[in-house]
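This briefing sets out structural features of one protein chain, grouped by topic. Please read it alongside the sequence and the structure shown here.

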Amino acid sequence: MRIKLKLIVGFSVLLFSVNIFAASKVHLDHANTDIFDEASLQNGAKLFMNYCSGCHAISFMRYNRIGKDLGLSDELVAQNLMFAGEKTGETITTAMPEGAAAKWFGGVPPDLSLVARSKGTDWIYTYLRSFYDDESRIFGVNNKVLTNVSMPDALWSLRESQSEAEFDNSVR
(Lines give C-alpha, C1' and ligand atoms only; values in the text may rest on other atoms or scores of the structure.)
Protein backbone atom coordinates (compact mmCIF):
# COMPACT_ATOMS: atom_id res chain seq x y z
CA MET A 1 0.00 0.00 0.00
CA ARG A 2 2.84 2.39 0.88
CA ILE A 3 4.60 1.70 -2.39
CA LYS A 4 1.39 2.49 -4.32
CA LEU A 5 1.07 5.79 -2.47
CA LYS A 6 4.70 6.66 -3.20
CA LEU A 7 4.22 5.81 -6.87
CA ILE A 8 1.07 7.92 -7.09
CA VAL A 9 2.73 10.88 -5.35
CA GLY A 10 5.86 10.53 -7.49
CA PHE A 11 3.85 10.31 -10.70
CA SER A 12 1.74 13.32 -9.68
CA VAL A 13 4.84 15.40 -8.97
CA LEU A 14 6.29 14.37 -12.33
CA LEU A 15 3.12 15.33 -14.19
CA PHE A 16 2.90 18.62 -12.30
CA SER A 17 6.54 19.39 -13.12
CA VAL A 18 6.06 18.59 -16.81
CA ASN A 19 2.97 20.83 -16.96
CA ILE A 20 4.78 23.71 -15.27
CA PHE A 21 7.77 23.30 -17.61
CA ALA A 22 5.58 23.14 -20.72
CA ALA A 23 3.50 26.14 -19.65
CA SER A 24 6.60 28.22 -18.91
CA LYS A 25 7.66 28.19 -22.59
CA VAL A 26 4.81 30.50 -23.60
CA HIS A 27 4.45 34.14 -22.63
CA LEU A 28 1.05 34.48 -20.98
CA ASP A 29 -1.05 37.58 -21.55
CA HIS A 30 -2.57 39.14 -18.46
CA ALA A 31 -6.30 38.35 -18.33
CA ASN A 32 -7.07 41.25 -15.99
CA THR A 33 -9.58 39.07 -14.15
CA ASP A 34 -11.82 40.75 -11.59
CA ILE A 35 -13.69 38.13 -9.57
CA PHE A 36 -15.91 40.86 -8.14
CA ASP A 37 -17.17 42.04 -11.55
CA GLU A 38 -20.47 40.14 -11.54
CA ALA A 39 -21.53 41.28 -15.03
CA SER A 40 -18.24 40.05 -16.52
CA LEU A 41 -18.52 36.72 -14.70
CA GLN A 42 -22.10 36.30 -15.94
CA ASN A 43 -20.87 37.00 -19.48
CA GLY A 44 -18.14 34.39 -19.02
CA ALA A 45 -20.72 31.81 -17.91
CA LYS A 46 -22.84 32.66 -20.97
CA LEU A 47 -19.81 32.34 -23.27
CA PHE A 48 -18.85 28.99 -21.73
CA MET A 49 -22.35 27.57 -22.06
CA ASN A 50 -22.73 28.81 -25.64
CA TYR A 51 -19.26 28.04 -27.00
CA CYS A 52 -17.61 25.41 -24.80
CA SER A 53 -20.19 23.19 -23.10
CA GLY A 54 -21.05 21.36 -26.31
CA CYS A 55 -17.73 19.54 -25.99
CA HIS A 56 -16.43 20.26 -22.47
CA ALA A 57 -18.03 19.43 -19.15
CA ILE A 58 -17.47 21.25 -15.87
CA SER A 59 -18.75 18.31 -13.89
CA PHE A 60 -17.55 19.55 -10.51
CA MET A 61 -19.97 22.49 -10.80
CA ARG A 62 -23.73 22.54 -10.46
CA TYR A 63 -26.00 24.94 -12.28
CA ASN A 64 -27.46 26.28 -9.03
CA ARG A 65 -23.96 26.87 -7.58
CA ILE A 66 -23.03 28.96 -10.60
CA GLY A 67 -26.30 30.83 -10.18
CA LYS A 68 -25.61 31.51 -6.53
CA ASP A 69 -22.03 32.63 -7.25
CA LEU A 70 -23.20 34.94 -10.05
CA GLY A 71 -26.24 36.38 -8.26
CA LEU A 72 -28.72 34.65 -10.58
CA SER A 73 -31.98 32.99 -9.61
CA ASP A 74 -32.66 29.39 -10.62
CA GLU A 75 -35.13 30.75 -13.18
CA LEU A 76 -32.50 32.98 -14.81
CA VAL A 77 -29.98 30.13 -14.80
CA ALA A 78 -32.53 27.85 -16.49
CA GLN A 79 -33.43 30.48 -19.09
CA ASN A 80 -29.88 31.55 -19.94
CA LEU A 81 -27.47 28.74 -19.15
CA MET A 82 -29.39 25.47 -19.51
CA PHE A 83 -30.28 24.12 -22.95
CA ALA A 84 -31.22 20.46 -22.59
CA GLY A 85 -33.85 20.30 -19.85
CA GLU A 86 -31.45 19.68 -16.98
CA LYS A 87 -32.39 20.44 -13.39
CA THR A 88 -30.64 23.28 -11.58
CA GLY A 89 -29.15 20.91 -8.99
CA GLU A 90 -27.40 18.79 -11.61
CA THR A 91 -23.75 18.94 -12.49
CA ILE A 92 -22.76 20.44 -15.83
CA THR A 93 -21.94 17.69 -18.28
CA THR A 94 -21.72 17.56 -22.04
CA ALA A 95 -24.10 15.78 -24.36
CA MET A 96 -21.23 14.71 -26.62
CA PRO A 97 -20.88 10.92 -26.56
CA GLU A 98 -17.38 9.81 -25.58
CA GLY A 99 -17.09 7.47 -28.58
CA ALA A 100 -17.97 10.26 -31.00
CA ALA A 101 -15.57 12.64 -29.27
CA ALA A 102 -12.75 10.11 -29.59
CA LYS A 103 -13.53 9.67 -33.28
CA TRP A 104 -13.86 13.40 -34.03
CA PHE A 105 -11.07 14.78 -31.84
CA GLY A 106 -8.83 11.79 -31.13
CA GLY A 107 -9.93 11.76 -27.48
CA VAL A 108 -12.53 13.00 -25.08
CA PRO A 109 -12.31 16.79 -24.54
CA PRO A 110 -11.13 17.46 -20.99
CA ASP A 111 -13.42 18.41 -18.15
CA LEU A 112 -12.70 22.09 -17.53
CA SER A 113 -13.80 22.19 -13.89
CA LEU A 114 -10.34 22.70 -12.51
CA VAL A 115 -8.38 24.17 -15.44
CA ALA A 116 -8.57 27.74 -14.15
CA ARG A 117 -7.29 26.57 -10.79
CA SER A 118 -4.52 24.36 -12.17
CA LYS A 119 -3.29 26.48 -15.09
CA GLY A 120 -4.62 29.91 -14.18
CA THR A 121 -6.85 32.44 -15.88
CA ASP A 122 -3.92 34.02 -17.75
CA TRP A 123 -3.25 30.63 -19.38
CA ILE A 124 -6.89 30.22 -20.45
CA TYR A 125 -7.08 33.79 -21.75
CA THR A 126 -3.85 33.39 -23.74
CA TYR A 127 -4.90 29.97 -25.03
CA LEU A 128 -8.25 31.25 -26.33
CA ARG A 129 -6.53 34.17 -28.08
CA SER A 130 -3.68 32.10 -29.56
CA PHE A 131 -5.36 30.26 -32.42
CA TYR A 132 -3.93 30.91 -35.86
CA ASP A 133 -4.64 29.66 -39.39
CA ASP A 134 -2.91 26.40 -40.23
CA GLU A 135 -4.27 24.61 -43.29
CA SER A 136 -2.30 21.46 -42.43
CA ARG A 137 -4.58 20.86 -39.41
CA ILE A 138 -7.98 19.19 -39.69
CA PHE A 139 -9.84 22.25 -38.34
CA GLY A 140 -7.64 24.68 -40.27
CA VAL A 141 -6.18 26.18 -37.09
CA ASN A 142 -3.44 25.53 -34.58
CA ASN A 143 -2.61 27.09 -31.23
CA LYS A 144 0.57 28.81 -30.00
CA VAL A 145 -0.03 27.78 -26.37
CA LEU A 146 -0.96 24.14 -26.97
CA THR A 147 0.52 23.15 -30.32
CA ASN A 148 -1.42 20.59 -32.38
CA VAL A 149 -4.38 20.68 -30.03
CA SER A 150 -7.38 18.70 -31.31
CA MET A 151 -9.75 21.61 -30.76
CA PRO A 152 -11.18 24.05 -33.28
CA ASP A 153 -11.07 27.78 -32.59
CA ALA A 154 -14.41 27.80 -30.79
CA LEU A 155 -14.51 31.60 -30.59
CA TRP A 156 -13.73 32.25 -34.27
CA SER A 157 -17.11 33.86 -34.92
CA LEU A 158 -16.51 36.40 -32.16
CA ARG A 159 -13.03 37.14 -33.45
CA GLU A 160 -14.25 37.58 -37.04
CA SER A 161 -17.00 40.06 -36.17
CA GLN A 162 -15.07 42.21 -33.67
CA SER A 163 -11.91 44.21 -33.43
CA GLU A 164 -9.15 42.77 -31.22
CA ALA A 165 -10.10 45.15 -28.35
CA GLU A 166 -13.79 44.26 -28.61
CA PHE A 167 -12.94 40.56 -28.66
CA ASP A 168 -10.69 40.92 -25.61
CA ASN A 169 -13.50 42.65 -23.72
CA SER A 170 -16.09 40.06 -24.73
CA VAL A 171 -14.04 37.09 -23.48
CA ARG A 172 -13.14 38.68 -20.15
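How does Arg65 count at 40% relative accessibility: buried, partly exposed or exposed? Arg65 counts as partly exposed at that value, because the partly exposed class lies between the buried limit of under 20% and the exposed limit of over 50%. The model discussed here is predicted. Its protein chain has nine helices and four strands, and 28% of the 172 residues count as buried.

**Overall architecture**

- Along the sequence, the helices and strands of the protein chain follow the pattern α-α-β-α-α-β-α-α-α-β-β-α-α.
- If contacts in the protein chain are restricted to residues at least 6 apart in sequence, 59% of them join residues at least 24 apart.

**Packing of helices α2 and α3**

- The axes of α2 and α3 cross at roughly 155° and come within 10 Å.
- The two helices α2 and α3 are therefore roughly antiparallel to each other, since angles over 145 degrees fall in that class.
- On the α2 side, the contact is made by Glu38, Leu41, Gln42, Ala45 and Met49; on the α3 side, Tyr63, Ile66 and Leu70 take part.

**Salt bridges**

- A search of the whole structure finds two salt bridges.
- One salt bridge joins the side chains of Arg129 and Asp29, with an N to O distance of 2.6 Å.
- Because Arg129 lies in helix α7 and Asp29 in the loop between α1 (2-24) and α2 (38-52), this pair ties together parts that are 100 residues apart in sequence.
- Both partners are partly exposed: Arg129 has a relative accessible area of 21%, and Asp29 has one of 25%.
- Another salt bridge links Asp69 with Arg65, whose closest N and O atoms are 2.5 Å apart.
- Asp69 and Arg65 are four residues apart in helix α3 (residues 63-70), so about one helical turn separates them.
- Asp69 counts as partly exposed at 42% relative accessibility, and Arg65 counts as partly exposed at 40%.

**Aromatic cluster**

- The structure holds three aromatic pairs.
- In the pair of Trp123 and Tyr127, the ring centres are 5.2 Å apart and the planes are at 5°, so the pair is stacked.
- Trp123 and Tyr127 are four residues apart in helix α7 (residues 121-129), and are therefore separated by about one helical turn.
- In the pair of Tyr127 and Phe131, the ring centres are 5.4 Å apart and the planes are at 65°; the pair is therefore edge-to-face.
- Trp123, Tyr127 and Phe131 form one aromatic cluster.
- Tyr127 and Phe131 are both buried.

**Surroundings of Trp123**

- Trp123 is placed in helix α7 and is buried, because its relative accessible area of 10% lies under the 20% limit.
- Lys119 lies over the face of Trp123, at 4.9 Å from the ring centre.
- The C-alpha atoms of Trp123 and Leu28 are separated by 6.0 Å, although these residues are 95 residues apart along the chain.

**Asp153 in the loop between β4 and α8**

- Asp153 is found in the loop between β4 (141-143) and α8 (156-161).
- With a relative accessible area of 10%, Asp153 is buried.
- Leaving aside residues up to four places away in sequence, Asp153 touches Phe131, Val141 and Arg159.
- Of these contact partners of Asp153, Phe131 is also part of the aromatic cluster with Trp123 and Tyr127.

**Positive phi values**

- Most residues other than glycine have a negative phi.
- Asn32 has a positive phi, near 55°, and is found in the loop between α1 and α2.
- At 48% relative accessibility, Asn32 counts as partly exposed.
- Asn148 also has a positive phi, near 60°, and is placed in the loop between β4 and α8.
- The relative accessible area of Asn148 is 43%, which makes this residue partly exposed.

Terms used: Residues numbered from 1 in each chain as written. Predicted model: local features only at pLDDT ≥ 70, side-chain atom pairs only at ≥ 80, totals over all residues. Heavy atoms only, no water. Phe/Tyr/Trp six-rings, centres within 6.5 Å; stacked < 30°, edge-to-face > 60°. Buried < 20%, exposed > 50% of the residue type's maximum accessible area, 1.4 Å probe, protein only. Lys NZ or Arg CZ within 6 Å of the ring centre and 35° of its normal. Salt bridge = Lys/Arg side-chain N within 4 Å of Asp/Glu carboxyl O. Contact = heavy atoms within 4.5 Å. Axes fitted to C-alpha atoms, helices over the stretch in contact; angles between N-to-C directions. Parallel < 35°, antiparallel > 145°, perpendicular 65-115°, else oblique.
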